[in-house]
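Me: I have a model open and want the labels attached to it justified. Please go through them by setting each value against its criterion.

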Amino acid sequence: MRNPQLNANGALTHLLSIEGLPREVITHILDTASSFLKVSHREVKKVPLLRGKSVFNVFFENSTRTRTTFEIAAKRLSADVINLDVTRSSTAKGETLLDTVDNLVAMHADMFVVRHAASGAPHLIADHLRRLGREDVHVVNAGDGRHAHPTQGLLDMYTIRHYKQEFTNLVVAIVGDILHSRVARSDIHALTTLGAAEVRAVGPQTLLPTAIEKMGVRVCHDLRSAIRDCDVVIMLRLQNERMNGALLPSAREYFRCYGLTPAVLALARPDAIVMHPGPMNRGVEIDSDVADGPQAVILPQVTFGIAVRMAVMGILAGN
Amino acid sequence: MNAEKKRPTVVLPDAELLCVQLAGLIRPRLRPETVLVGIHSGGVWVAQRLHALLGLGNEIGLIDVSFYRDDYGARGLHPRVQPSSIPFDVEDRTLVLVDDVLYTGRTTRAAINELFDYGRPAMIQLAVLADRGHRQLPICADFCPWRVDLDPSSELVLSQNDNGGLQWSLDEHA
């Protein structure tokens, strides 16, 4: 079977997941992003690459931040951006996912940026477009269920490469609710593909997926020992809704065991960086002194995210 | 009569010597605020030569026109885009755009479009090492030491040898 993200010529035509992407493709996206980064510093923060193209942000799940960064990225490429809040319109009226897609294709969409609560929804759309013979229409996964959030994974890799240059000697800890995190899965696939020395998955038993070590990570339940000698610490957001179930006793206890405080961070390498995909819960997974401290690169991640999304859309629309 | 059309052999001049001649053409029209902008990658090499030969003190601008090319729809994004770097204010400056080869004029057009996204220059002049003819746009070079009419099946390539010297080669396409 052909890789569903590549076209007949082996070029990237959809971005659905980092899993299965060749290392060269990831590196190419990161290299291209560094050229786009400078566009945002210019007098005119726009290049004409996607002029006349229509990018549809189709969000079946709420996300203001991710949608906004995709919108900014598309606009800086001169595309026309149409934001659809489908949860409040067509889907609420009973339209199926693929009917929504067919309607947007009939409106001459060139690219879909899709977020969906169901894992695999962007792949379903890409497969549908292939069966329609519309391989000129591209799909970017902006987060599907617990499966993948590839542009977040790529912007995390861009951030790590920016501060650490090479991946081969790096020890990276990913801390928190890995069970529900598509960001963690995308980061793990990217880090193992790029050859990080060690990836540690850190969290309570109830928030770690079973058999996660098969993804090539070391599982740790104790934050203090896991963070020792780390070069990069990626904190994940603890979603409030997890508190109501049986997974965790309380936010305060979670912070005591897994919250990143200055004292815990001091166990990592002195030049370790701290990342977070946002939005942060201060006092739950991360202490304000760390979030606002000199080792945090959380806001640069946001800036790099625009350039990475410009690179992804610029590469896809040309293939 | 010989059915096969014989292509005249092209004598490729010394590229380093052409740089010296090009600098000589630019020198009389140099203004104090003139800055060079090289187009990746051949144009950057030539701009670096000119910068030294003309004894300019200011920085060189570098641009990669990949985000402005008119063949993006047909050929996609160039696989190795380099970041553009214009480390000076272009507003009201005289810019000399430097490239190795002037051919269709499309690269020059893309470069001019990109420069205007940094501001409004007072003037843009074009300096090239070679003008090989076959223009597709109304563009001509202000400074050019070598004009040659080459068949579209030939590709004139400037490269840097192991010692850093610039040299020409001619690639023939079927």
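Reply: What follows concerns a predicted model, taken label by label.

Me: Why are H5(A) and H12(A) called oblique to each other?

Reply: Helix H5 (residues 150-164) of chain A and H12(A) pack at an angle of about 120°. Angles of 65 to 115 degrees count as roughly perpendicular and those over 145 as roughly antiparallel. The value of about 120° falls in neither class, and H5(A) and H12(A) are therefore oblique. Their axes are 8 Å apart, and the crossing is right-handed.

Me: Which residues of H5(A) and H12(A) meet?

Reply: On the H5(A) side they include A:Leu154, A:Leu155, A:Tyr158 and A:His162. On the H12(A) side, A:Phe304, A:Val308, A:Arg309 and A:Val312 are among them. By class, this contact has seven nonpolar, five polar and two charged residues.

Me: What makes S2 and S4 the edge strands of the sheet in chain B?

Reply: The sheet is open, with four strands in the order S2-S1-S3-S4, and the pairing is parallel. Strand S2 (61-63) and strand S4 (123-131) of chain B each pair on one side only, and that is what marks them as edges. Neighbouring strands are turned by 25° against each other on average, direction ignored.

Me: How do you know that S3 and S4 of chain B pair?

Reply: Two strands pair if there are at least two bridges between them. Strand S3 (residues 94-102) of chain B is joined to S4(B) by eight bridges, so the criterion of at least two is met. The two strands run parallel. One of the residues involved is B:Leu95, whose bridge partner in S4(B) is B:Ile124.

Me: What angle does H4 of chain B make with S3(B), and what is that called?

Reply: Helix H4 (residues 106-116) of chain B runs at about 155° to S3(B). Angles over 145 degrees count as roughly antiparallel, so the value of about 155° belongs to that class. H4 lies across strand S1 (35-39), S2, S3 and S4 of chain B.

Me: What makes H1(A) stand out on the side of chain A that touches chain B?

Reply: In total, 16 residues of chain A are in contact with 14 residues of chain B. Helix H1 (23-37) and helix H12 (298-318) of chain A are the elements that give two or more residues to the chain A side. The largest share, four residues, comes from H1(A). The residues on the chain A side divide into five nonpolar, seven polar and four charged.

Note on methods. Residues numbered from 1 in each chain as written. Chains lettered and ligands numbered in written order. Predicted model: local features only at pLDDT ≥ 70, side-chain atom pairs only at ≥ 80, totals over all residues. Axes fitted to C-alpha atoms, helices over the stretch in contact; angles between N-to-C directions. Contact = placed C-beta atoms within 7 Å. Nonpolar A, V, L, I, M, F, W, Y, C, P; charged D, E, K, R; others polar. Parallel < 35°, antiparallel > 145°, perpendicular 65-115°, else oblique. Left-handed = near helix turned anticlockwise from the far one by under 90°.
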